[in-house]
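Me: I have a model open and would like to go through the reasoning behind some of its labels. Could you take them with me one by one?

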Amino acid sequence: MNLLIIDAQGGGVGRQLVAAIKEAFPEIPVTAVGTNSAATAAMRKAGADYVATGENAVVVGCRRADIIVGPIGIVIADSLLGEITPAMAAAVGQSRAKRLLIPMNHCDNMVIGVPDLNISRLVQKAVEEIGGAIGSSGENTGKEK
């Protein structure tokens, strides 16, 4: 199971995702890619197993991922204050991975029909979805228990 978390700006959402996922599924290796060094550092500090930074890291990570998790802006070119390049958005959108997108209503991208939940609840829902995806995949997690 290749789990990829992508985040931008200060990496706050990615940090919370990494921490919650590692707590719920410590056996699953988590790769975290930040669009900048601050986001990457935040996710590394939260316990990501592998980290990288930048556009090419996003593109390569998306090719290898089974599940991609991040704010919805990772599929919208020029979002997250311009940190998501068109190549990044295309890589996420064209990946064969299951995408779990956190609905963040920022930067003129509004998700209609989704309850306005706080970030802690959104992270919890993402972890629940990951658990369902892991259970339905029947794949080895990649680490010995």
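**Two helices and a few loop residues**

Reply: Happily! This is a predicted model. A good place to start is where Glu55, Val58, Val59 and Cys62 of helix H3 meet Ala87, Met88, Ala91 and Val92 of helix H5. By class, this contact of H3 with H5 has seven nonpolar residues, one charged residue and no polar ones.

Me: What makes H3 roughly parallel to H5?

Reply: The angle decides. H3 (residues 55-64) and H5 (residues 86-94) pack at about 10°, with their axes 9 Å apart. Angles under 35 degrees count as roughly parallel, so H3 is roughly parallel to H5.

Me: How do you know that the buried residues of H5 line one face of the helix?

Reply: The buried residues in H5 are Met88, Ala89, Ala91 and Val92. Seen down the axis of H5, they fall within an arc of 160°, so they line one face. In general, an α-helix has 3.6 residues a turn, so residues three or four places apart point the same way. The face of H5 turned away from the buried side carries the exposed residues Pro86 and Gln94.

Me: Which elements do the buried residues of H5 pack against?

Reply: They pack against strand S1 (3-7), H3, strand S4 (67-71) and strand S5 (98-102).

Me: Why is Asp49 called partly exposed?

Reply: Asp49 has a relative accessible area of 29%. Buried means under 20% and exposed means over 50%, with partly exposed in between, so Asp49 is partly exposed. Its place is in the loop between helix H2 (37-45) and strand S3 (50-53).

Me: Why does Asp78 count as exposed, and Leu80 as buried?

Reply: Asp78, in the loop between S4 and helix H4 (79-82), has 55% relative accessibility and so counts as exposed, the cut-off being over 50%. Leu80, found in helix H4, has 14% and so counts as buried, the cut-off there being under 20%.

Me: What is there to say about phi in Asp78 and Leu80?

Reply: Most residues other than glycine have a negative phi. Asp78 has a positive phi near 70°, and Leu80 has a positive phi near 50°.

Me: Where is the pLDDT below 50?

Reply: The protein averages a pLDDT of 90, and 91% of the residues score at least 70. Over residues 140-145, though, the pLDDT is below 50; beyond near neighbours in sequence, this stretch has ten contacts in the model. Where pLDDT is low, the predicted coordinates should not be read in detail.

Terms used. Residues numbered from 1 in each chain as written. Predicted model: local features only at pLDDT ≥ 70, side-chain atom pairs only at ≥ 80, totals over all residues. Heavy atoms only, no water. Axes fitted to C-alpha atoms, helices over the stretch in contact; angles between N-to-C directions. Helix = DSSP H or I, 4+ residues; strand = E, 2+ residues; numbered from the N terminus. Parallel < 35°, antiparallel > 145°, perpendicular 65-115°, else oblique. Contact = heavy atoms within 4.5 Å. Nonpolar A, V, L, I, M, F, W, Y, C, P; charged D, E, K, R; others polar. pLDDT = per-residue confidence, 0-100. Buried < 20%, exposed > 50% of the residue type's maximum accessible area, 1.4 Å probe, protein only. Arc of directions from axis to C-beta.
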